[in-house]
Amino acid sequence: KHSFIWYDQYINKRDFKPDIIIRLGDKPTSDKLNEYINKNKDITYLIDTHMHNDDAKYFLQSDLDSLTKIKYKEKSSSSFYSTLKKHEDKNSNKVQSLISTYNTQAKLINNVLEKLNNYNLFIGSSTILRSFENYSGYTKNTNIYSNSITRGIDGITSSALGMAYFKKKNNHLFIGDISIFYDMAAFHVLNNLNINLSIYVI
């Protein structure tokens, strides 16, 4: 219900002091967030189906389905929540103002996404993926896919075409110019298949 995405900008503020940190699964991609978690291992709990090459101090074995069945009392009026909300709103307004002012990848991404609804989005690797992570503010009613775990640009177009084939409509791919040339052979499938996919090369 409450999503905070600009934490890199304020996580080291003096008033950012959670009582407990609960980590679900793999470590986050944010270097600043990982550094903060490492400094606060005594209040951090990793929850996952199994312990896998992780340096977490406290581990609770569970799956996400079991976690969703837990009943908890929400306290969105707490002082810590208010502090988070204040920092989040301040940074969100600042970033959105910068995005609307300058012609950047972030502006293009936001302009396209705010016009879409109920869509399937495939995101390329490297800079584009980081731009989405840092600056995309319009992801409601969205299915998001990526090959980022492979740490490379192999097969991005092929994967996106596969997504579009099964999802049928409202499919979009954001990809870099090198990445799309790297997988041009993927378009051969269009000789035999009717695929609906909008491609944005950045």
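In this predicted model, I123 has F174 as its bridge partner, and F174 belongs to strand 6. That link is a good way into the sheet. Strand 4 (residues 119-123) and strand 6 (residues 171-175) pair in the parallel sense, over 4 bridges.

Now step back to the sheet itself. It is an open sheet of 4 strands, with parallel pairing and the order 5-4-6-7. Its edges are strand 5 (142-146) and strand 7 (198-201), each of which pairs on one side only. From one strand to the next, the twist averages 20 degrees.

Two helices can be described against this sheet. Helix 5 packs on the sheet and touches strand 4, strand 5 and strand 6. Helix 6 lies across strand 4, strand 5 and strand 6. The table gives the direction of each helix relative to one strand.

| Helix | Residues | Reference strand | Angle between directions |
|---|---|---|---|
| Helix 5 | residues 127-135 | strand 4 | about 130 degrees |
| Helix 6 | residues 156-167 | strand 6 | about 170 degrees |

One more residue deserves a visit: S179, which sits in helix 7 (residues 177-182). Is S179 buried or exposed? Its relative accessibility is 7%, so S179 counts as buried, because buried means under 20% relative accessible area. Which residues does S179 touch, leaving aside those up to four places away in sequence? S179 touches I153 and I156. You may recognise the number of the second partner, since helix 6 covers residues 156-167.

Technical notes: Residues are numbered from 1 along each chain as its sequence is written. This is a predicted model: local features need pLDDT of at least 70, side-chain atom pairs count only at pLDDT 80 or more; totals for chains, interfaces and linings use all residues. Side-chain values use heavy atoms; hydrogens and water are left out. Buried means under 20% relative accessible area, exposed over 50%, partly exposed in between (1.4 Å probe, protein chains only). Contact means heavy atoms within 4.5 Å. Two strands pair if DSSP finds at least two bridges between them. Axes are lines fitted to C-alpha atoms, for helices over the stretch in contact, and angles run from 0 to 180 degrees between N-to-C directions.
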